[in-house]
Amino acid sequence: MLNGEPREIEGEPSLFDLLAAAGYQGKRVAVEVNRRIVPRSTHAAVRVTEGDRIEIVHAIGGG
């Protein structure tokens, strides 16, 4: 599940790979996997597996 929507991915990509595939590469985002915040420094090391629930939040500026 990605942001509440089912999403199929092949293999067990890293969280970094998933973010890139979802269009978030290079954006400042907060990521939660199974209700736990994942530090940006570990995105490349964290593997996404079947059944994971991932939430991606990015800030939108305004005034």
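**Exercise 1. The sheet**

Task: In this predicted model, determine in what order the three strands form the open sheet and how they are paired.

Solution.
Step 1. The order of the three strands is E2-E1-E3, and their pairing is antiparallel.
Step 2. The edges are taken by E2 and by E3, which spans residues 54-58. Each of these two has a single partner strand, so one side of each lacks a neighbour in the sheet.
Step 3. From one strand to the next, the twist averages 30 degrees.
Step 4. As general background, strands of a sheet pair through backbone hydrogen bonds, in a parallel or an antiparallel manner.

**Exercise 2. The pairing of E1 and E2**

Task: State how many bridges join E1 to E2, and identify the bridge partner of Glu32 in E2.

Solution.
Step 1. E1 and E2 run antiparallel and are joined by three bridges.
Step 2. Glu32 has Ile37, in E2, as its bridge partner.

**Exercise 3. The loop between E1 and E2**

Task: Locate Asn34 and Arg35, then decide whether Asn34 is buried, partly exposed or exposed, and do likewise for Arg35.

Solution.
Step 1. Strand E1 covers residues 29-33 and strand E2 covers 36-38; Asn34 lies in the loop between them. Arg35 is also found in the loop between E1 and E2.
Step 2. The backbone of Asn34 has a phi near 50 degrees, a positive value in a residue other than glycine. For Arg35, phi is near 70 degrees, again positive in a residue other than glycine.
Step 3. The relative accessibility of Asn34 is 38%. Buried requires a value under 20% and exposed a value over 50%, so Asn34 counts as partly exposed.
Step 4. Arg35 has a relative accessible area of 76% and is therefore exposed.

**Exercise 4. The two pockets**

Task: Give the volume of the largest pocket and of the second largest pocket, and describe which classes of residue line the largest pocket and the second largest pocket.

Solution.
Step 1. The volume of the largest pocket is about 230 Å³. Its lining comprises 14 residues, of which Met1, Arg7, Ile9, Val48 and Thr49 are the closest to the centre.
Step 2. By class, the lining of the largest pocket contains six nonpolar, three polar and five charged residues.
Step 3. The second largest pocket has a volume of about 170 Å³. Its lining includes Phe16, Tyr24, Lys27, Arg40 and His43.
Step 4. Helix H1, residues 15-21, gives the most to this lining, with three residues.
Step 5. The lining of the second largest pocket divides into five nonpolar, three polar and two charged residues.

How values were computed:
Residues are numbered from 1 along each chain as its sequence is written. This is a predicted model: local features need pLDDT of at least 70, side-chain atom pairs count only at pLDDT 80 or more; totals for chains, interfaces and linings use all residues. Side-chain values use heavy atoms; hydrogens and water are left out. Helices (H or I, at least four residues) and strands (E, at least two) are DSSP runs, numbered from the N terminus. Buried means under 20% relative accessible area, exposed over 50%, partly exposed in between (1.4 Å probe, protein chains only). Two strands pair if DSSP finds at least two bridges between them. Axes are lines fitted to C-alpha atoms, for helices over the stretch in contact, and angles run from 0 to 180 degrees between N-to-C directions. On a 1 Å grid over the protein atoms alone, a cavity is a set of points where a 1.4 Å probe fits but cannot get out, and a pocket is an open set with protein on both sides within 12 Å along at least five of seven lines; lining residues have an atom within 4 Å of a point. Grid points are joined across faces, edges and corners, and a volume is the space filled by probe spheres set on the points. Ala, Val, Leu, Ile, Met, Phe, Trp, Tyr, Cys and Pro count as nonpolar, Asp, Glu, Lys and Arg as charged, and the others, Gly among them, as polar.
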